[in-house]
Amino acid sequence: GSSLEPEEHSMEPPTVPEEEEMPLITAPGPAGCQLFGYVGIEAVLDQMKVKTMKMGFEFNIMVVGQSGLGKSTMVNTLFKSKVSRKDSQPGQQERIPRTVQLQSITHVIEEKGVKMKLTVTDTPGFGDQINNENCWDPIIKYINEQYERYLREEILITRKRKIPDTRVHGCVYFVPPTGHWLRPLDLEFMRRLSKIVNVVPVIAKADTLTLEERAEFKQRIQEDLKTHAISVYPQQDFDQDPEDRALNDRIREKIPFAVVGADQEHQVNGKRVLGRKTKWGIIEVENAAHCEFPLLRDLLIRSHLQDLKDITHNVHYESYRVRRLNESN
C-alpha cells in the first residue's frame, strides 16, 4: 500500500545510468569519412548532368559600344555561329539611330547534347551622337525591366516550376582603341552599370595598337578604374574561396582584354583558323600571342558562366528585389 507520510525530496538531480546518457553537442568529425564500400554519392553529379542536358540552360549577354567597334563580329566569334545579325545589309548605308535602341536576338545553341538558350542584346546608337547625355538610361531601364519581370513571376501565389530568365548576366563594354585614357562617357557608363550588372570591359580592335601601346593603354585603364572606384567583373568583394580568389586575381591583372574578332577562316600552315588578313600576315583570333580573345571566351563561357549567373541572381537581382519590396511596403 501507499504510505501517508510525505516523501522526502532530494535537492540532488536524479542519476542517470551511463548507458542512457546522450550527448547534447556532438563534436565535429573529420573532414573525410572512410567508407567501407561503394555508396553511390558520386552519381549525384551524373544526375545533375542528365537533368541539365534535358532542360538546358539560359545565358543572356549584352554588348555595348560605339558603332564600328565589331560588337556583332565579336559575338559571332565567341559562339562560332551567326548569332548576331548585322545592322545593315552589304551595299546599304547604315543608319545611325537618334537614340539608343536595344535589339535582342535569341538562339538555341547545342554542343555535344547540351542546349543553351542564348540571348544577345545589342545597343546601336550608344555614344554615336554629339551630345551623349544620359545615353545609358535606356540600358539601365532595360536591365531593371528584366529584373521586374522575374520578380513578378516569383511573387505569384501559383508560379511556374521554372521561371523564364531574361535577366542580363553579363555586359561586355567595348572601349575604343584610342591608346589614351578612358573617356568620361566610358567612366560614367561603367560606374552606373557596374552597380546593377556584371560589366566586362574589353579593348576593341586591339590589332590597331602595337604591343607597347596596348600594354600602356591597358595600364591606364586599370588606373582609371581604380581611381574612380569602379568594380568590374570579377568583383573582388565576392571572392570567397581562396582558389577562386587566386584565379580571379590573375584575371583582374589582365582586364580589360585586348580582343580581335573575326568570322572568316584562313589557311595557316595547313590548318583552318579564324583570323583577319592584313598586309603583314594573318592575325589569328584564337592565338594568345596575337590577342586576348581566348581569355575573354574562357571567362564568359568555359570557367565563369555559372558564376556570372549566380552573382546576377544572388547580388544584383537580390538588391533590386529588396529595394522594390521596401518601396511597396
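The following exchange examines selected features of a predicted model.

Visitor: In what order do the strands of the open sheet of 6 strands stand?

Guide: The sheet is open and its pairing is mixed. Strands of a sheet pair through backbone hydrogen bonds, either parallel or antiparallel. Read across this sheet, the order is S2-S3-S1-S4-S5-S6.

Visitor: Which strands stand at the edges of that sheet?

Guide: An edge strand here has a single partner strand, so one side of it is left without a neighbour in the sheet. The two strands in that position are S2 (103-111) and S6 (257-258).

Visitor: Which residue of S6 stands opposite Ile203?

Guide: Strand S5, residues 199-203, pairs with S6 over 2 bridges. The sense of this pairing is parallel. Opposite Ile203 in S6 stands Ala258.

Visitor: Is strand S1 largely enclosed or largely open?

Guide: Strand S1 covers residues 57-64. Because 7 of its 8 residues are buried, the rest of the structure leaves S1 largely enclosed.

Visitor: Which residue of S4 stands opposite Ile61?

Guide: S1 pairs in the parallel sense with strand S3 (residues 114-122) over 7 bridges, and Met62 stands opposite Thr121 there. S1 also runs parallel to strand S4 (residues 170-175), to which 4 bridges join it. In S4, the residue opposite Ile61 is Gly170.

Visitor: How many salt bridges does a search of the whole structure find?

Guide: One of them joins Lys80 to Glu286, with the closest N and O atoms 3.1 Å apart. Another joins the side chains of Arg252 and Asp239 at 2.6 Å, N to O. The search of the whole structure finds 18.

Visitor: How many residues apart are Lys80 and Glu286, the pair that links distant parts of the chain?

Guide: Lys80 forms a salt bridge with Glu286. Lys80 lies in the loop between helix H2 (71-79) and S2, and Glu286 in the loop between strand S9 (281-284) and helix H7 (293-303). Lys80 is exposed, with a relative accessible area of 55%, whereas Glu286 is partly exposed at 36%. Along the chain, the two residues are separated by 206 residues.

Visitor: Is Asp239 buried or exposed?

Guide: Arg252 lies in helix H6 (residues 242-254) and Asp239 in the loop between helix H5 (211-227) and H6, so their salt bridge ties together parts that are 13 residues apart in sequence. The relative accessibility of Asp239 is 10%, and the cut-off for burial is under 20%. Asp239 therefore counts as buried.

Visitor: Which residues do salt bridges that share partners join into one network?

Guide: The side chains of Glu148 and Arg324 meet in a salt bridge of 2.8 Å, N to O. This pair links helix H3 (residues 137-154), which holds Glu148, with helix H8, which holds Arg324, across 176 residues. Glu148 is buried at 12% relative accessible area, while Arg324 is partly exposed at 27%. The network joined by shared partners consists of Glu148, Arg152, Arg324 and Glu327.

Visitor: Which residues is Arg321 in contact with, leaving aside its neighbours within four places in sequence?

Guide: Arg321 is in helix H8 (residues 305-328) and counts as partly exposed at 24% relative accessibility. Its side chain has a polar contact of 2.6 Å with that of Glu318. Arg321 and Tyr150 are 171 residues apart in sequence but 9.6 Å apart in space, C-alpha to C-alpha. Beyond the sequence neighbours, the contacts of Arg321 are Leu151 and Glu154.

Visitor: Which backbone oxygen does the side chain of Asn198 reach?

Guide: Asn198 lies in the loop between helix H4 (184-193) and S5, and it counts as buried at 0% relative accessibility. Its side chain joins that of Gln235 in a polar contact of 3.2 Å. Outside its sequence neighbours, Asn198 is in contact with residues including His169, Tyr233 and His316. The backbone oxygen reached by its side chain, at 3.2 Å, is that of Leu308.

Visitor: How much accessible area does the nonpolar patch on the surface have together?

Guide: The patch is formed by Leu35, Val39, Ile41, Val44, Leu45 and Met48. Val39 is located in the segment before helix H1 (43-55) and is exposed, with a relative accessible area of 57%. Together, the residues of the patch have an accessible area of about 620 Å².

Definitions and conventions:
Residues are numbered from 1 along each chain as its sequence is written. This is a predicted model: local features need pLDDT of at least 70, side-chain atom pairs count only at pLDDT 80 or more; totals for chains, interfaces and linings use all residues. Side-chain values use heavy atoms; hydrogens and water are left out. Buried means under 20% relative accessible area, exposed over 50%, partly exposed in between (1.4 Å probe, protein chains only). Contact means heavy atoms within 4.5 Å. A polar contact is a pair of N or O atoms within 3.5 Å; within protein, one must be able to donate a hydrogen and the other to accept it, and residues adjacent in sequence count only if both atoms are side-chain atoms. Two strands pair if DSSP finds at least two bridges between them. A salt bridge is a side-chain nitrogen of Lys or Arg within 4 Å of a carboxyl oxygen of Asp or Glu. Patches are made of residues with over 30% relative accessible area and no salt bridge: like charges are joined within 9 Å, nonpolar side chains (Val, Leu, Ile, Met, Phe, Trp, Tyr) within 5 Å. Accessible areas come from the Shrake-Rupley method with a 1.4 Å probe; for residues, only the protein chains shown count as cover.
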